[in-house]
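Colleague: I should like a close look at a single part of this model, explained for a first-year student. Please take one strand and describe its surroundings step by step.

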Amino acid sequence: MCMQVCRSCLVKYLEENNTCPTCRIVIHQSHPLQYIGHDRTMQDIVYKLVPGLQEAEIKKQREFYQKLGMEVPGDIKGELCNMKTHLDQRNGDAKSEDTANKEAGEEKPEEDNDYHRSDEQVSICLECNSSKLRGLKRKWIRCSAQATVLHLKKFIAKKLNLTSFNELDILCNEEILGKDHTLKFVVVTRWRFKKSPLLLHYRPKMDLL
């Protein structure tokens, strides 16, 4: 694909079409949404070029959840502070490389090692969908909405002692998910904000069940 467009607009377009809206090249015959990725570099550039955009988007998310009477996710509560810090660092407020290297060996404060706990969280149920694999002992997990399907594949492969995570397919509503899809993307476009937890199935790749 050869363009940068609003993500929500692109998702709506690809629900009805399978071609790039700019050059009309076919993305995928049946599942074009699985072949689009989140360009975080471009997002950082846009946030840097458009003052206040990041804060405005977070505000809209807060209002969205409040309007529905839902609890505001943890990432929205803490994301504004984290994003401001990130942008300040990109704008030159970060310490010099020498100082950063020196401090790299020092113990970081506990709050800096939250391992994405301040992110929006997604509750997931991972069910085995094939007799060729065993089920997980702990199929209920909770993780960052920014985690990807690839992260889940690696998690399952490790728990099942598989030789490679590439042996797995993960499905939502019987549709194979792209490895670069974030869980937030899956919740919005596949699960469509249905009641938690997000139900995902895993099976050996190309397993026709």
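Modeller: Two strands are said to pair if DSSP finds at least two bridges between them. With that in mind, one may turn to strand E5, residues 198-204 of this predicted model. Strand E1, residues 121-128, runs parallel to E5, and five bridges join the two. One of the facing positions involves cysteine 125, whose bridge partner in E5 is leucine 199.

E5 also pairs with strand E3, residues 168-172, in this case in the antiparallel sense and over four bridges. Here leucine 168 stands opposite proline 204 of E5.

Is E5 mostly covered or mostly open? The strand is mostly covered, since five of its seven residues are buried. For the protein as a whole, buried residues make up 33% of the 209 residues. As a general point, the side chains of a regular strand alternate between the two faces of the sheet.

The next step is to ask what E5 contributes to the interior. The largest nonpolar core has 25 residues, and Leu198, Leu200 and Tyr202 are among those with the most contacts inside it, together with Ile124 and Leu126. At least two residues of this core come from each of E1, strand E2 (140-144), helix H6 (149-159), E3, helix H7 (183-191) and E5. A second core, separate from this one, has eight residues, including Leu10, Val11, Leu14 and Ile27.

Leucine 198 may serve as an example of the packing. Beyond its neighbours within four places in sequence, leucine 198 is in contact with Val122, Ser123, Ile124 and Cys125, and also with Cys172, Val186, Val187 and Trp191. Tryptophan 191 has a further partner: the charged end of lysine 194 sits over its ring, 4.3 Å from the ring centre. By contrast, a search of the whole structure finds zero aromatic pairs.

Finally, the strand may be placed in the whole chain. The protein has seven helices and five strands, and from the N terminus on the elements run α-α-α-α-α-β-β-α-β-β-α-β. Among contacts between residues at least 6 apart in sequence, 56% join residues at least 24 apart. As for the surface, the protein exposes about 14100 Å², of which carbon and sulfur atoms supply 52%.

To summarise, E5 pairs with E1 in parallel and with E3 in the antiparallel sense, and E5 supplies at least two residues of the largest nonpolar core.

Notes. Residues numbered from 1 in each chain as written. Predicted model: local features only at pLDDT ≥ 70, side-chain atom pairs only at ≥ 80, totals over all residues. Heavy atoms only, no water. Buried < 20%, exposed > 50% of the residue type's maximum accessible area, 1.4 Å probe, protein only. Contact = heavy atoms within 4.5 Å. Areas by Shrake-Rupley, 256 points an atom, 1.4 Å probe, with all protein chains shown as cover. Phe/Tyr/Trp six-rings, centres within 6.5 Å; stacked < 30°, edge-to-face > 60°. Lys NZ or Arg CZ within 6 Å of the ring centre and 35° of its normal. Core = buried A, V, L, I, M, F, W, Y, C linked by side-chain atoms within 4.5 Å.
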